[in-house]
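Reader: I should like to understand how the terms used for a structure are justified. Please take me through them one by one.

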2 protein chains.
Amino acid sequence: MEINTDKYKNITRNLEREMINLNPIQRGGILPTESKKIIYEYWDGYSVCDYCSGRLDRIETPPINEFLEDMSKFLGMDITRPTHGARESKYAVMNSICKEGDYVVLDGNAHYTSYVAIERAKLNYEKTDIGEYPTFRVIPESYAEKIDMLEDSKKNIGLILLTHVDGNYGNVADVEKVGKIAKSKGYPFLLNCAYSAGRMPIDGKKLNVDFIAASGHKSMAASGPCGLLSINKKYEDEVLETSKVNVVKELQMLGCTSRGIPILSLMASFERLIERVKKWDLELEKTRKVVNELEPLGFKQIGEKPRNHDIIRFETPILDEIAEKDKRRGFFFYEELKRRGLGGIRRGVTKEFKMSVYGLTNTQVDYVINSMKTIINELR
Amino acid sequence: MEINTDKYKNITRNLEREMINLNPIQRGGILPTESKKIIYEYWDGYSVCDYCSGRLDRIETPPINEFLEDMSKFLGMDITRPTHGARESKYAVMNSICKEGDYVVLDGNAHYTSYVAIERAKLNYEKTDIGEYPTFRVIPESYAEKIDMLEDSKKNIGLILLTHVDGNYGNVADVEKVGKIAKSKGYPFLLNCAYSAGRMPIDGKKLNVDFIAASGHKSMAASGPCGLLSINKKYEDEVLETSKVNVVKELQMLGCTSRGIPILSLMASFERLIERVKKWDLELEKTRKVVNELEPLGFKQIGEKPRNHDIIRFETPILDEIAEKDKRRGFFFYEELKRRGLGGIRRGVTKEFKMSVYGLTNTQVDYVINSMKTIINELR
């Protein structure tokens with residue numbers, strides 16, 4: 001057996017330490033110092049199980065059980081469990097409350113993981129309509145139409161799924177409207193909060209939500225992989241059904257899920273999350289400023305306007321123009337950003353790109369704006 | 001919303017730093033320094049995705065793809081994927097290759113997570129016989145009997161599962177024999193290596209194994225939660241089936257699994273794993289020494305003898321006797337061990353306990369033995 005392990009030595013990552021990272025999937029998952037400290041304590045495998053008496057969500061030292069209760073309050077839900085991430089939360093719901101072949105009605109902006117969870121759970125789906133270019137808004141009324149259509153053709157509907165904030169355009173969906181439709185039609189309603197819970201305030205009760213799938217690493221300042229599943233008490237017996245062989249263990253959790261540092265990092269970040277969702281307006285101000293300052297350069301913001309989320313998607317014909325004549329071709333933008341300490345924008349893109357300034361200081365935001373202005377103005 | 005976050009501040013764990021930890025579920029998951037270093041680099045959420053082009057197992061920076069190929073060599077298998085742990089690996093196999101209602105034939109020493117995975121996948125099970133007290137060995141021939149019985153009653157068998165090393169007695173099962181039975185009967189064969197892969201040498205090919213479920217946090221010096229699923233190429237299409245909606249994403253992985261530091265800690269520990277499985281004999285020597293030295297005190301080792309694994313289960317009537325007269329009752333042993341810097345033995349146990357000296361130095365092992373001797377001799 002010849003294995004050269006040299007390549008696994010001294011692996012480093014400079015993006016977060018030396019650069020301002022503009023990648024929307026990473027900005028919400030940057031750890032505060034408190035969470036880094038807890039990682040020192042719990043990095044060994046199965047360390048969280050020191051005082052376990054049979055189930056992760058009931059551990060008192062460290063206080064995981066209280067944390068989950070507090071998280072339920074934070075999200076306006078009844079019961080919360082740790083999971084490995086939002087996709088795993090969605091799958092746990094689908095696999096428990098739906099029967100093989102059932103239909104999931106979901107928004108046209110849904111994340112790929114919603115489809116993968118549907119397929120893994122052997123379900124079908126019906127996609128609702130979204131609005132046209134350049135806004136691509138979820139159309140709540142389309143849920144009613146699709147539900148009627150499926151009912152008319154005698155299809156069994158197992159779940160209504162809505163992506164609270166989609167990752168393509170960063171549009172914030174009208175949850176209350178979809179929730180009302182789901183409720184009036186009598187179907188369970190899951191909200192995918194991977195891009196919202198931990199960034200913006202959420203009240204599941206007020207929104208008529210039965211399930212919330214949240215992502216620790218995407219939006220809750222936690223290490224990957226981890227997430228939460230918050231449910232309405234009404235579905236406790238189905239979703240949290242326990243084993244017949246080992247009666248304390250929950251089937252959909254396979255006993256215990258996030259048995260290690262990711263859930264602890266989320267716990268340590270909780271205070272910051274409570275603080276930061278209160279300042280969501282300030283994040284939107286920064287985001288809108290970026291859009292207002294960069295559009296005159298020849299960028300066009302896609303998705304709803306003004307921004308109600310920090311994800312910004314720009315169409316960038318001006319980058320395309322510059323790439324035509326720059327000897328670095330499409331890579332000039334990445335290179336120029338990198339030279340200025342800016343990272344997280346996909347290498348080689350010229351048609352369009354996504355970015356976020358979530359959590360950056362105003363000074364950093366101004367630096368980002370001015371750097372992009374300088375790059376474009378010098379090279380155009 | 002009233003949430004007091006004080007309890008989530010300054011959470012510490014002293015067990016690993018200030019004590020010698022004798023907990024068998026934790027000794028194999030202690031991180032070497034290299035792995036702690038990589039955690040500093042990758043603790044932010046989704047950091048592993050910096051250079052992802054669509055799938056975790058194909059990421060080149062850090063070299064996850066090469067790592068998985070090397071892991072296949074290490075385990076003697078064809079294809080390896082990261083998972084969240086051994087239970088998640090087992091479930092992925094069951095959910096993909098079995099049909100609802102199929103039977104899983106598994107050993108009588110199987111871990112609870114095998115049952116939970118079976119129930120979650122909506123399968124049935126048939127448990128094979130194990131030998132009598134005090135050895136409780138898995139009886140390979142029982143697999144043939146149970147398979148015949150199920151076939152005679154027209155039950156569909158979906159999978160043969162064997163626990164390589166069980167967590168109750170630390171018995172090492174005769175994999176080759178069970179593998180031959182599975183092969184001759186034509187059924188797929190899964191080996192649960194949660195307590196073996198990363199501790200002792202394993203060659204899946206030689207053992208006639210189709211699937212290996214491994215645990216990073218239990219036996220591979222990795223942070224929790226993470227594990228591996230290694231498969232025989234024959235089952236690639238079924239187990240690693242990709243989505244019809246997003247054709248690059250594997251259904252059973254829900255796209256990507258261990259998207260964070262756990263898989264990186266496993267990668268950084270890999271060199272140590274290669275070294276340590278070569279020294280498995282030395283671990284057995286230490287383990288056998290503990291048994292030989294402590295049995296004369298009034299401890300009785302349960303499970304196969306001499307030990308072929310580091311898990312030691314002692315029946316301890318002598319502790320029971322002492323507890324009768326000690327004013328601390330059953331807690332005296334825990335307290336006395338703690339006073340000597342020894343932890344990881346369940347608090348309050350007197351009838352029996354489990355321990356492991358895996359990875360400890362000879363000096364530490366002697367200290368453990370002498371401490372236990374002193375406690376018993378002083379208090380008996």
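Author: Over all chains the count comes to 68 salt bridges. The structure is a predicted model, in which local features need pLDDT of at least 70 and side-chain atom pairs count only at pLDDT 80 or more, while totals for chains, interfaces and linings use all residues. Residues are numbered from 1 along each chain as its sequence is written, chains are lettered from A and ligands numbered from 1 in the order in which they are written, and side-chain values use heavy atoms, with hydrogens and water left out.

Reader: Why is the pair of Lys7(A) and Asp70(B) called a salt bridge?

Author: A salt bridge is a side-chain nitrogen of Lys or Arg within 4 Å of a carboxyl oxygen of Asp or Glu. The closest N and O atoms of Lys7(A) and Asp70(B) are 3.2 Å apart, so the pair satisfies the definition. This pair crosses between chains, from Lys7(A) in the segment before H1 of chain A to Asp70(B) in helix H4 (residues 64–75) of chain B. Helices (H or I, at least four residues) and strands (E, at least two) are DSSP runs, numbered from the N terminus. As for the chemistry, side chains of opposite charge can pair when their charged atoms come close.

Reader: Is each partner buried, partly exposed or exposed, and what makes Lys7(A) and Asp70(B) count as such?

Author: Buried means under 20% relative accessible area, exposed over 50%, and partly exposed in between (1.4 Å probe, protein chains only). Lys7(A) has a relative accessible area of 26% and is therefore partly exposed. Asp70(B), at 6%, counts as buried.

Reader: What makes Asp57(A) and Arg81(A) a salt bridge, and where are the two residues?

Author: Their side chains meet at 3.6 Å, N to O, which is within the limit already stated for a salt bridge. The pair links distant parts of the chain, 24 residues apart: Asp57(A) lies in the loop between H3 and H4 of chain A, and Arg81(A) in strand S2 (residues 79–83) of chain A. Asp57(A) is buried, with a relative accessible area of 9%, and Arg81(A) is buried as well, at 11%.

Reader: How do you know that Lys205(B) and Asp78(B) form a salt bridge, and are these residues buried or exposed?

Author: The N to O distance between their side chains is 2.8 Å, and the definition is therefore met. Lys205(B) is in the loop between strand S6 (189–192) and strand S7 (211–215) of chain B, and Asp78(B) is in the loop between H4 and strand S2 (79–83) of chain B, 127 residues apart. Neither word of your question applies: Lys205(B) is partly exposed at 47%, and Asp78(B) is partly exposed at 32%.

Reader: How many salt bridges lie between chain A and chain B?

Author: The count between the two chains is twelve salt bridges. One of the pairs is Glu88(A) with Arg259(B), whose closest N and O atoms are 2.7 Å apart.

Reader: How many residues of each chain take part in the contact, and what area is buried?

Author: Contact means heavy atoms within 4.5 Å, and the contact takes 89 residues from chain A and 89 residues from chain B. Buried area is the accessible area (1.4 Å probe) that two parts lose on being put together, summed over both. Between chain A and chain B this area is about 7,900 Å², of which carbon and sulfur atoms give 56%. In chain A, Tyr8(A), Arg120(A) and Leu254(A) lose the most area to chain B, together 11% of what that side buries.

Reader: Why is the count of disulfides zero?

Author: A disulfide is a pair of cysteine sulfur atoms within 2.5 Å. The sulfur of Cys256(A) has its closest cysteine sulfur in Cys52(A), 5.6 Å away, which is too far for a bond. In chain B, the sulfur of Cys52(B) is 5.6 Å from the closest cysteine sulfur, in Cys256(B), again too far for a bond. By this rule the count over all chains comes to zero. Cys256(A) is buried, with a relative accessible area of 10%, and Cys52(B) counts as buried at 17%.

Reader: What makes Gly224(B) buried, and where is its place?

Author: Its relative accessible area is 1%, so Gly224(B) is buried. The place of Gly224(B) is in the loop between helix H9 (216–219) and strand S8 (227–231) of chain B. Leaving aside neighbours within four places in sequence, Gly224(B) is in contact with residues including Gly45(A), Arg259(A) and His217(B).
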